[in-house]
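Me: I'd like a close look at one surface part of this model and at how the charged pairs elsewhere compare in their setting. Please take me through it in one connected answer.

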Amino acid sequence: MKKMRLLLLLATLTTSLFAQGPPFSRQNQGPSIKGRISGSVMDSISLSPIEFATIELLDSSGEKQLTGDITNDKGQFKLTDISNGAYTLKVTFLGYAARTLPNIELTLEKPDLDLGDIRLAADNITLAEATIVGETALVENKIDKIVYNADKDVSTAGGDAAEVLRRVPLLSVDLDGNVSLRGSSNVQILINGRPSGIFAASVADALKTIPAEQIKSVEVITTPGAKYDAEGSAGIINILTKKKNIEGFSGSVNSSVGTRQNSAGLSLSLAKGRLGVSGNGNTYFSWPRAAAQTYYREDTNANYTRVLDQSGESISTVLGYNGSFSAYYDINAFNSISSTIRYNGFNNWLDGTTDGLLSDTTTREFFRTNINNRLNNGFDWTSDFRRTFPNSEREFSVAFQWTSMFSNRLIENNQTDQLGNAPELASRDNNFNDGLNSEYTLQADYVHPFSKKIKLETGAKAVIRRIDSDYLFEQYDPVLGDYIVNAMFTDIFAYDQDVYAGYLSMNAKIGENYGVVAGLRYEHTRIAGSYQSELPPFENQYDNLLPSLILSRTFKNFSTLKLSFSQRIQRPSLFYINPYQQVSDPFNVSAGNPDLEPERSSQVELSYGAFVKGFSINASAYYRLTQDVIESYLEIDTISGISQTSYLNIGKNQSVGLDFFTSVTIKKNLTLRGGFNLSTYNAQGVVNGQTLANQAILFNGNLAGNLTIKEVWKFEMFGFYRAPRQSLQGITPNFSLMSMGLNRDIFKKRGTVGIRVVEPFFRNKDFKSELSGANFTQTSNFSIPFRSYGINFSLRFGKLDFRAPQRSRRSIRNEDLKEGGDNNI
C-alpha cells in the first residue's frame, strides 16, 4: 500500500508539472550545453536511500515549475539539459516533510552541480489508504492543447498514423483516411510542428506511410493563438515523431508482419558534444486486398427516369515509404543551427472489374475493367537558426523551408476499358496527370519578456506556393487503331498562392490564478491561375485581420477553466482546386474547382480540465460559425446521364458542440479511458440558384483500457465509433473499429515483442453512402475485409541514456490549407 500512496502523490505532482505547459522552459535563455543537477535522497535517521522521491526544479522565485524527476532504487536522481541560471529545488515523498533547496545556480563555467546527499525527515501525517493511483497518462490535458502519448499504446504496433489518430480525443478518421476534429474536416496536420507537402494531395495516402511505431505523441489544439497560421478553422493536429538526442551512438529497429499489412523501420543517432546527426527510414506494405462495391442511381428528366446499376470487385496493394536526415550544431551557448530533410513516397496499385446496367428508354448492359497505378513522391527541407540572450528569456529565430510533392505520368496512370451491348457504351481511355506542388516559406519570430508575468511574441512570415498540373485524357479510336487526345479534358494548369503574414501576441499572468493570451494576426493572400488552353486566367487577393483571446482561471486539484475566442480561415489546398478530371468510371467524373474561396470561421469555446485523485477529466462546449463552407457537390447531366462531382462554397454552417474525455488509473496497473464528441450540422446555402439546407446530429466516441502485468506484459483494448457524416446532399459512411494488442518487454526492456488483432468479430466492413439532389437519388456500398492479425518486434541498441532535445527546432508551422482525402496530384 505504501507504493500506491507514493504513486498517488507522484501522479498529482506530475500532472501539476504538465499543466504548466511544455515540460521544460528555460529560466535563462543562455543554455548550457551539458548542464545537469544530480544528487541522492536519503532517510535522515536510517540513511537508507528513498526510492521514487519526487524532484521538482523551480525558477529562482520557487513559483514556476520547470522540470522534474523521480529517484531510482538507490535514491539517485539526475536532471539533464539544464541551462545556466538560478533555480530552486524541491524534494517530496509520501510520509516525509518536503525539503526545499533555494539559490541553486548553474553557470557556463560550471554547468554541472552535484548536490550530494539530501536528507528527508519523517513527518507525522498519515494518509488514508488509497485504492486509485496515478501514473504517467496516455492522454495529457494541457492548458493550450490535448496530448495523446501514442508510444504508450501497445495496440497501435504494426499500424499506421491513421490508426493512431483514431485513438486521439476529439478526432475521428474514416476508412478513406479523412480526418475531422469535432465533426469538421477543416484541420491542419503538422509533422513535428511543421507542415508537410505529403498532405497536399492526399491526407489518407500520407497517413498510411507513417508507421505507428514512429509516432511519439499527437497534439490537438482547438483554439490556436495569433502566432499560428490562420488556416485550420477547426484546429491543428501536430504529429510528433520519436526523435531523441543522445551522447554517443544509438539506434532502433522495428518490424511488423500481419495478414493485412506489414512495416519495417530503422533509426540511427550520433551525437558528440555540440554536434548531432540522426536518420531514419520506414516502409509500409499491404498484401493485395479484395473489395466489393455496389452502386445504384436514379435520375429523372422531362421524358423518362434513368437507372444506373453497377456492381464489381477490385484488388488493391499499397507501398509507402519515408525517411529523414537531421543535423544540429550548437555554435556556442546562445546560437544554434539545425537542418532536416524528409522524403516521402506512396504507391497504390488497383485493378477492378464492374458489371453494369443502364436503363432509360431501353435497357443496356456493359462490362468495365480498370487499371490504376498511382505514385506520389515528395520532400521537405527545413533549416533553422536560433539566438538566445544571456540572463533573459528573449529569443530570436529565423527559418526557411522548401517542400515539394510530385507525380509522374510514366508511373501514374488510369486505364479504363468498357464493353457493352450498345455502341455508345464502348470506350477505352487513358487518364494521366503530371503534378508538381512546391512551397517556399521564410519565417522570423521574436519573444520579449517585459517581466516574469508579461511576455510579448511577434513575428512575420511569407509562404510562396507554386502548383502545376499537366493532365491528359486519351480515347481509343477503333478506326485509326490508336489513341487520340480529348482536348476537353486535357490542359496544363498553373496556380500561384502567396501569403504574407504578421502577428502580435501578449501573454500575461494576473495574480496567482488568472491568465490571459491576447493576439492579433494579419494575413494578405494573393492567388492567380492560368491555363495553356484558351480558358481565361484569373487573379484575386484578399486581406484578413484575425483576433484571438484566451482567458484562464486555475483552481485547486490542478483544475483549469478556460474561455477562448478565435477567428480562422481555411484556404483550399491542391486536393480541392486541381481541375484534373479523374475518369475511372465514364458515368461518374470528379475534378477540383480552382475558383473556390476560403472558408472563414469564428469560434467561442468554454473548457474545463482537472486531475482529481487519479481521475483526468476534460470537458468543453463550443459554438462555431463557418462561412463559405467547402463541400463536395454532385450534379447530373440530364442528357448524357454523366454525374460531375466537384467542390463548391455551399454557404454557411452553424455548429454547437460538446466534448468530454476522462481517464482513471486503478491499482497502478489498470487504466480506463473514454470520450465522446456531440455536435450539430446546420448548413444552408444557395447553389445554382437553388436554396438548400440540411441538419443533423453528429457523434463520435471511443473507449479503451490498458493493463500492465508484472511490469513486462502490457495489454491494450480499443473501440471507436463515428456516426455518418453529413453534407447538404446526404450522408457519408459511418465507421467503427475494435482492436487489441499484447506486448512483452524483452532484453531488459531494450526490446518488445507482441501480437495485435483488429476487428476479431467481423471479417468485412460495409460503408454505405446516400446522396440526393433535385433530380436524382444515389446509394452505394463499399465492402472490404478488415479483420487482421499481426506480430510486431522492436529493439533499441547503443547507449540508451537519452536526453530531451536541447532546443525546440520547430520554427515553421504552415497551418493554412484545407487538406483533402484520397486524390491525385
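## A nonpolar patch and some charged pairs

Reply: Val604 is partly exposed, with a relative accessible area of 39%. Please keep in mind that this is a predicted model. The label fits because 39% falls between the 20% that bounds buried residues and the 50% above which a residue counts as exposed. Val604 sits in strand 34.

Now for its surroundings. Val604 belongs to a nonpolar patch on the surface, together with Leu549, Leu551, Phe555, Leu561, Leu563, Leu606 and Tyr608. Together these residues have about 630 Å² of accessible area. Strand 30 (538–555), strand 31 (559–572) and strand 34 (599–612) each give two or more residues to the patch. Membership asks for over 30% relative accessible area, and the 39% of Val604 is therefore enough on that count.

Let's turn to the charged side chains. In general, side chains of opposite charge can pair when their charged atoms come close. The structure holds 17 salt bridges, and three of the pairs are worth a visit here.

Start with Arg368 and Asp585, whose closest N and O atoms are 3.5 Å apart. This salt bridge links distant parts of the chain, with Arg368 in strand 22 (residues 363–388) and Asp585 in strand 32 (residues 582–585), 217 residues apart. Both Arg368 and Asp585 are buried.

Next come Arg428 and Asp417, which meet in a salt bridge at 3.7 Å, N to O. Arg428 lies in strand 25 (residues 427–449) and Asp417 in strand 24 (residues 413–420), so this pair ties together parts that are eleven residues apart in sequence. Arg428 is partly exposed at a relative accessible area of 34%, and Asp417 is partly exposed too, at 26%.

Last is the salt bridge between Arg526 and Asp498, at 3.6 Å from N to O. Arg526 is in strand 29 (residues 514–531) and Asp498 in strand 28 (residues 491–510); the two residues are 28 residues apart and link distant parts of the chain. Here the two ends differ in cover: Arg526 is partly exposed, with a relative accessible area of 24%, whereas Asp498 is buried, at 6%. This pair also belongs to a network, in which salt bridges that share partners join Arg466, Asp496, Asp498, Arg526 and Glu539.

Definitions and conventions. Residues numbered from 1 in each chain as written. Predicted model: local features only at pLDDT ≥ 70, side-chain atom pairs only at ≥ 80, totals over all residues. Heavy atoms only, no water. Salt bridge = Lys/Arg side-chain N within 4 Å of Asp/Glu carboxyl O. Helix = DSSP H or I, 4+ residues; strand = E, 2+ residues; numbered from the N terminus. Buried < 20%, exposed > 50% of the residue type's maximum accessible area, 1.4 Å probe, protein only. Patch = residues over 30% accessible without salt bridge, like charges linked within 9 Å, V, L, I, M, F, W, Y side chains within 5 Å. Areas by Shrake-Rupley, 256 points an atom, 1.4 Å probe, with all protein chains shown as cover.
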